[in-house]
Amino acid sequence: MISKRQLGIFVIALGVLALMGILAVDLLGAGQWGGFGPLQRLGLLLSGLTVVVGLLLYRLGDRPA
Amino acid sequence: MRQMSRFLRVLGAVLIVLVVLAYVGYLAIYFTYAVDLFRWPFDYDQGEGFELYDAILYSQGEWPYRANAVYPFYASNYPPLFHLLIVPLLPLFGPRLIAGRLVSFVATLVTGGAIAFVVRRKVGGRFIPLISGLAFLASNYVYQIGPLCRMHMTMVMFETLAIAFVAEFEHPKHGNRNLLLGLLMLLCAGYTKQMAVFTVVAALSYVFLRDVKRSIAAGALLALAAGAIFGLLNVATEGQWWVNTIQANVNEYDYRQTIFLFGQWFRLHTVFVLLAAAYLVYETFWGRLSAYSLWFLFALGAGALSGKWGAGFGYFTTAVAAACLTSGLALGRLQHWAKTMGEREAEKRRCSSYASLCLACLIPGLYLIQAPRMLHMPTSGPVFGTLARYFGVDNQLVVGDCTTFQYHDAMGYTQLGHLLTPEDYAAGETIMDYVRTADGPVFSEEAMFSLLAGEPVITNPTQLYNLYNNDLLDTDEIIERIEAQHFGLVIFRAQFYPPPVLEAIGQNYKPVEHICMNGFYYHILWPHRLLDLTE
């Protein structure tokens, strides 16, 4: 059984990975836009929200997820 | 106070009657549309005929996964299960679209029934389960796609059944049976349409949260079964399965289309989506995540793919099913709170009684707010014409390429949903006259003209287009045949062919008539050799 804390850690990791991926798009020169594209802005918002949800879950401790 | 209670009781009862009338009304509109489509012999949605043709190929013991570069330049890009389900109906109906349309239509009814069944088991009562099931059938998206000979709704049926079974994998007596049945349904969903992968992830995530070991075993079992079938299909079709169902489905993506469709989906199903989202938040932070909430969350992932070329609002039908089901559970949870509020003291009991009475009005009130948001109906005829005037939508019609449909839909422009007219049938017969008298094979963008005339089906345009865009199509032979004016007739609708093919046709074939049928222009082209003779 997975606890809320464990799920929180997973969700935070997912959000951070997504964040890194979004930033890496520019470093690799992929995408259609020269600068920070609209999809990246949307991705940034969603991954930020994911990290926040993960942090909240983390604080809920060992209750079952 | 007593008067207030009586008022709330009466108001609740009136609202319930209105809600049932509204959602049963949507069901009646759905049946009217379905019956109208069952009679229509031609493609209503481009692609229906190709799906029927896949079933015909299976019934003849042939694979639809073939080399696209050689005559008749035809291959399917979908998994086989939906087409295999049509096969037993072919002896009954012949090569007619009704066989596939019936399968899909029944699948939507089963899905609605499954949603109602699950909500009934979890929530109890009759009203919320009934409306949860009917709400699915009242959705604009389900209405439009449900009775088409397309596989999408059959996938949604298997997904719904899979989630219903997997949700009960911890049942003390039938846990393993439920899990196995759930996995089987997931396998069926995936081999109906590839998009079911999001439901697979949702179901396995749910098992993982509760029992890590069983989830790993279940995942391995599913991967083994799916992989074995995949490998066998690929070997049996000499690699064409991989090319046509995987490589050909890598398309351009437009995020603006996804954002537009997310907005439309939310606007049409606002109450269901908000209730389902609230239930997801509640379970995430205060309760335990259920299979249904996770399904709703992951179904949004399928919606995110709707920006692909060739995709559309159909990608949200899984999310619609999940929202209808989860919103029913959310309302059930509210009812439960109201009932358990006053278990001890007299004061609390009074509060509980008033809360229950308020909910008895609030719940039908929410369903009633939602009902007009999905408004879709024919606007002509003695019954629908009067109703359309009553609702004030008799002038808010959908405009097609060459006609104005006597149909209103809250989603705005749509190519589906309207009823067929006598003019459409007459136009179909005119096109069939061209097909029957063609001097050579018919190069048609829709399969039904050829199938009805007993002619071979040539090309699957979107498949050729997708393969061409992925550098997987050799167009030499098809262009050679076009230049030799091998085809006696070309029928275009959307011109979804690779540019070199369209160019070759433009140089060797000439339009002779543009026929308006089902709201679209069908362009009839003859080879130059035939026009030279007639001149």
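Is Gln495(B) buried, partly exposed or exposed? At 37% relative accessibility, Gln495(B) counts as partly exposed, since the class of partly exposed residues runs between the limits of 20% and 50% relative accessible area. Before I go on, please keep in mind that this is a predicted model, and that every value I quote is computed from it.

Let me stay with Gln495(B) for a moment, since its backbone deserves a remark: its phi is positive, about 55°, although the residue is not a glycine. As for its place in the chain, Gln495(B) sits in the loop that runs between β6 (489-492) and α23 (499-508) of chain B.

A second residue of this kind is Asp471(B), which is not a glycine either and has a positive phi, near 55°. Asp471(B) belongs to the loop between α21 (461-469) and α22 (476-483) of chain B, and with a relative accessible area of 73% it is exposed.

Still on the backbone of chain B, the peptide bond leading from Tyr71(B) to Pro72(B) is cis, with omega near 10°. Pro72(B) is part of the loop between α2 (48-59) and α3 (81-86) of chain B, which brings me to the helix before that loop.

For α2(B), we can check the length: its 12 residues, at 1.5 Å a residue, should span 16 Å, and the end C-alpha atoms lie 17 Å apart, which agrees. Of those 12 residues, 11 are buried, so the helix is largely enclosed by the rest of the structure. Among the buried ones are Phe50(B), Leu52(B), Tyr53(B), Ile56(B) and Leu57(B), but also Glu48(B), Glu51(B) and Asp54(B). What do the buried residues of α2(B) pack against? Their partners, in chain B, are α3, α4 (90-93), α5 (98-123), α20 (448-452) and α21. Just after the helix, Gly61(B) has a positive phi of about 75°.

Finally, I would like to turn to the surface, where Leu39(A), Leu42(A), Leu45(A), Leu46(A), Leu49(A), Tyr253(B) and Ile259(B) form a nonpolar patch, with about 660 Å² of accessible area together. Which helix gives the most to this nonpolar patch? That is helix α2 of chain A, residues 38-58, with five residues. Leu42(A), which is found in that helix, is partly exposed, with a relative accessible area of 36%, and it passes the requirement of over 30% that applies to residues in a patch.

Definitions and conventions
Residues are numbered from 1 along each chain as its sequence is written. Chains are lettered from A and ligands numbered from 1 in the order in which they are written. This is a predicted model: local features need pLDDT of at least 70, side-chain atom pairs count only at pLDDT 80 or more; totals for chains, interfaces and linings use all residues. Side-chain values use heavy atoms; hydrogens and water are left out. Helices (H or I, at least four residues) and strands (E, at least two) are DSSP runs, numbered from the N terminus. Buried means under 20% relative accessible area, exposed over 50%, partly exposed in between (1.4 Å probe, protein chains only). The expected span of a helix is 1.5 Å times one less than its number of residues. Contact means heavy atoms within 4.5 Å. Patches are made of residues with over 30% relative accessible area and no salt bridge: like charges are joined within 9 Å, nonpolar side chains (Val, Leu, Ile, Met, Phe, Trp, Tyr) within 5 Å. Accessible areas come from the Shrake-Rupley method with a 1.4 Å probe; for residues, only the protein chains shown count as cover. A salt bridge is a side-chain nitrogen of Lys or Arg within 4 Å of a carboxyl oxygen of Asp or Glu.
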